Amino acid sequence: MLEDTIGAVGPPDEPAMTAARQLQARLTKPAGSLGALEDLSVRLAGLAGSCPPPVPAPAAVAIFAGDHGVHAQRVSPWPQEVTGQMVGNFLAGGAVVNAFARQAGASVTVIDVGVAGPLPVPDPSGVADPERTCSLDGAAGAGPLDRAAGPAVPRLVDASVRRGTRDMTVTAAMTRDEARAAVEVGITIAEELVDAGAGILLTGDMGIANTTPAAALIAAFTGVDAAETTGRGTGVDDLTYQHKIEVVRAALRRHHPDPADPLGVLAAVGGLEHAALTGFVLGAAAHRVPVLLDGVIAVSAALAAAAFAPASVAAMVAGHRSAEPGASVALRQLGLTPLIDLGLRLGEGTGALLALPVVTGAVRVLHEVATFDSAGVAEK
Ligand SMILES: Cc1cc2ncn([C@H]3O[C@H](COP(=O)(O)O)[C@@H](O)[C@H]3O)c2cc1C
Ligand SMILES: O=C(O)c1cccnc1
């Protein structure tokens with residue numbers, strides 16, 4: 001399945017891109033006045049092979065969840081159980097990603113690709129949190145009451161490959177077969193969402209300690225030193241941060257991952273959700289559907305996708321610039337400019353969801369804005 005998907009990723013359609021550039025020049029606005037949105041509209045026309053490209057809707061965010069053996073090296077201040085607990089929170093609609101998905105009208109699919117612990121039973125009742133003291137007095141529908149609003153309730157897919165990776169400082173995080181299985185989970189999810197009508201896919205992740213394999217992947221694919229690809233994740237102190245860099249270095253020294261062998265890199269120093277996200281990006285590209293990338297986890301997986309199929313970059317839209325330094329290293333290598341830069345460092349798909357209206361707006365312009373001729377507006 002992986003090889004077929006890679007084989008289905010094709011180059012952008014040049015005539016559609018030319019048509020989009022020419023249309024942009026005829027719309028009732030000064031040339032170039034929509035800045036990065038103009039380039040984005042051209043790229044999306046090239047991906048779709050039509051001008052205008054379809055409006056990217058409905059949107060579907062897929063949150064791939066997994067645990068990490070390297071957590072044992074104390075690279076995250078959070079206990080591993082939080083991964084499964086947050087999956088419960090996603091399903092109950094109570095996480096930041098849910099609030100932003102409701103705002104954006106996006107569906108949420110949570111995929112257990114390798115959570116270590118048991119998953120809590122979801123509570124979709126939306127019962128108000130008695131400790132929530134800052135809700136507006138008498139504001140009907142404020143807070144958790146709104147959880148029932150928006151698209152269908154979040155869905156859980158059980159696609160666990162193994163209950164967390166091994167510690168990459170001791171041995172390979174996964175076998176090649178496990179990494180391949182996780183990549184193929186991502187391909188399958190992308191395919192299912194596209195078959196169900198999604199016009200754009202958004203990446204999400206959950207996995208305590210997952211910024212450590214992300215830093216290792218980015219270092220492996222770019223050759224940039226771990227000191228520049230490693231960040232503070234959920235917020236480690238100075239001492240732990242230095243230690244985290246050394247953990248990434250130790251893993252790279254042990255495995256010497258070869259960037260020309262992306263499956264080998266993922267298996268050695270990746271994570272189950274990173275591998276699944278790689279497949280998700282490849283699946284989107286194979287179906288010529290745009291994939292809106294979230295933060296550092298997503299862009300580390302995007303590097304693996306680009307190593308498998310360089311043309312897959314044409315399907316990628318960088319949603320935001322994560323505060324994690326490795327994200328900027330990866331985006332530079334991919335040649336992608338993020339749409340928004342708000343200092344976010346959460347993951348889950350939050351930055352991608354906030355960028356969604358920018359993508360939709362870029363395409364709507366090609367569908368809806370009048371030309372100088374049709375509107376009778378004089379040109380300069
Ligand atoms: C409550 C909570 C919610 C989150 N949502 C996303 N992450 C993010 O933080 C984690 C990665 O950071 P590190 O590598 O430092 O552990 C991932 O789970 C990521 O999705 C969260 C983390 C926490 C604690
Ligand atoms: O950029 C991200 O996706 C990110 C940053 C910090 C922690 N978790 C995720």
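These are my notebook entries on a predicted model of one protein with a ligand.

**Entry 1: overall build**

I began with the secondary structure and counted 15 helices and six strands in the protein. I then looked up the radius of gyration, which is 21 Å. The globule rule gives 21 Å for 380 residues, so the protein is as compact as a globular protein of that length. Along the principal axes, the C-alpha atoms fill a box of roughly 70 × 55 × 40 Å.

I also checked burial and found that buried residues make up 54% of the 380 residues. For contacts, I took the pairs at least 6 apart in sequence; 80% of these join residues at least 24 apart.

**Entry 2: the sheet**

In what order do the six strands stand in the sheet? I read the order as 3-2-1-4-5-6, in an open sheet with parallel pairing. Strand 3 (155–158) and strand 6 (316–318) are at the edges. Each of them has a single partner strand, so one side of each has no neighbour in the sheet. From one strand to the next, the twist averages 25°.

**Entry 3: strand 4**

I spent this entry on strand 4 (200–206). On one flank, strand 4 runs parallel to strand 1, and seven bridges join the two. One bridge I looked up there pairs A62 with T203 of strand 4. Strand 4 also pairs with strand 5 (residues 291–293), in the parallel sense and over two bridges. In strand 5, V291 is the bridge partner of L201, and L292 is the bridge partner of L202.

Is strand 4 enclosed or open? Seven of its seven residues are buried, so strand 4 is largely enclosed by the rest of the structure. I checked the two faces separately. I200, L202, G204 and M206 are buried on one side, and L201, T203 and D205 are buried on the other.

I noted one helix that lies over this part of the sheet. Helix 5 (residues 96–104) lies across strand 1 (59–66), strand 2 (107–114) and strand 4. Helix 5 runs at about 165° to strand 1.

**Entry 4: around ligand 1**

Which residues come nearest to ligand 1? Of the 17 residues around the ligand, I found S76, T211, G233, T234 and G347 nearest. Helix 4 (81–92), strand 4 and helix 7 (211–222) are the elements that give two or more residues to this shell. I sorted the shell by residue type and got seven nonpolar, eight polar and two charged residues.

Notes
Residues numbered from 1 in each chain as written. Chains lettered and ligands numbered in written order. Predicted model: local features only at pLDDT ≥ 70, side-chain atom pairs only at ≥ 80, totals over all residues. Near = placed C-beta within 6 Å. Helix = DSSP H or I, 4+ residues; strand = E, 2+ residues; numbered from the N terminus. Nonpolar A, V, L, I, M, F, W, Y, C, P; charged D, E, K, R; others polar. Rg over C-alpha atoms; globule rule 2.2 N^0.38 Å. Buried ≥ 20, exposed ≤ 12 C-beta atoms within 10 Å, placed from the backbone. Contact = placed C-beta atoms within 7 Å. Pairing = 2+ DSSP bridges. Axes fitted to C-alpha atoms, helices over the stretch in contact; angles between N-to-C directions.
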